[in-house]
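The following exercises are to be worked with the sequence and the three-dimensional model at hand. Each task is followed by a solution in steps.

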Amino acid sequence: MEREDEEDNLKVEDIKSLESVYKQCKEKCGVNLEVIRVPVVEDHMPIEYMDAIIDALKNEPASTPCVFNCQMGKGRTTTGMVAACLIKEIILTAELRTMEELKLINPSTLKDLMYQKFEKIPFIEEVNDPLSLGEFEVIKELCAYTPEAVEVKKKIDIIIDKCGPSPRGTGIM
């Protein structure tokens, strides 16, 4: 989905920072919103930024909502969303497995939940664009060189599709 530039004249009466919007939401809705700023440089390997996202979420319940934004809403936002989805999957899987051990959930129900939530590939109309499918040369080479990367790519593709807007994604963004 390409962005279209649109110009409009607006009369600005008030400008609020992101933190003040969150504070206002917290006060009006009684929701505990915490702003965690993770400065990420566009088009750079995000390894050190992932640690900050992991540290922020690893002790949170899987149901903790997350909001990611950046100036353009593409690469850095998607990176944060994918990282959060992976962390939440790990947390939720651990919680569900504990429920199974305590006999609170049937193993077949757990298996079905895990499939529906984390493995089921969202229906996507046939796409002929290899780049839309994540078929970049470097990824293909990595998958050919490292067989485990094929499963990792499949997992990340599912998450990216879930995070994307309709009709291709499920719109959880």
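**Exercise 1.** Which residues are buried in H6?

*Solution.* The model is predicted, so local features need pLDDT of at least 70 and side-chain atom pairs count only at pLDDT 80 or more, while totals for chains, interfaces and linings use all residues. Residues are numbered from 1 along each chain as its sequence is written, and side-chain values use heavy atoms, with hydrogens and water left out.

Step 1. Apply the cut-offs: buried means under 20% relative accessible area, exposed over 50%, and partly exposed in between (1.4 Å probe, protein chains only).
Step 2. In H6, the residues Ala149, Lys153, Ile158, Ile159, Asp161, Lys162 and Cys163 are buried.
Step 3. For the protein as a whole, 21% of the 173 residues count as buried.

**Exercise 2.** State how many helices and strands the protein has, and check the span of helix H6.

*Solution.* Step 1. Helices (H or I, at least four residues) and strands (E, at least two) are DSSP runs, numbered from the N terminus.
Step 2. The protein has 6 helices and 0 strands, in the order α-α-α-α-α-α from the N terminus on.
Step 3. The expected span of a helix is 1.5 Å times one less than its number of residues.
Step 4. Helix H6 (residues 148-163) has 16 residues and should therefore span 22 Å; the distance of 23 Å between its end C-alpha atoms agrees.

**Exercise 3.** Determine the number of disulfides and describe Cys29 and Cys143.

*Solution.* Step 1. A disulfide is taken as a pair of cysteine sulfur atoms within 2.5 Å.
Step 2. This rule gives a count of 0 disulfides.
Step 3. For Cys29, the nearest cysteine sulfur belongs to Cys25 and is 5.6 Å away, and Cys29 is in no disulfide.
Step 4. Cys29 counts as exposed because its relative accessibility is 56%.
Step 5. Cys143, in helix H5 (residues 137-145), is buried because its relative accessible area is 16%.
Step 6. The C-alpha atoms of Cys143 and Lys153 are 8.1 Å apart, with these positions 10 residues apart along the chain counted as their separation.

**Exercise 4.** Which residues make up the largest nonpolar core, and which helix supplies the largest share?

*Solution.* Step 1. A nonpolar core is a set of buried Ala, Val, Leu, Ile, Met, Phe, Trp, Tyr and Cys residues joined through side-chain atoms within 4.5 Å.
Step 2. The largest such core has 7 residues, namely Ile53, Leu57, Ala62, Ala83, Ala84, Ile87 and Ile91.
Step 3. H2 and H3 each supply at least two residues of this core, and the largest share, 4 residues, comes from H3.
Step 4. Val67 lies in the loop between H2 and H3. Its C-alpha atom is 9.6 Å from that of Ala84, 17 residues away along the chain.
Step 5. Val67 is exposed because its relative accessible area is 60%.

**Exercise 5.** Locate Lys103 and state the sign of its phi.

*Solution.* Step 1. Lys103 is in the loop between H3 and helix H4 (107-119).
Step 2. The phi of Lys103 is near 65 degrees, which is positive although the residue is not glycine.
Step 3. For comparison, most residues other than glycine have a negative phi.
Step 4. Lys103 counts as exposed because its relative accessibility is 73%.
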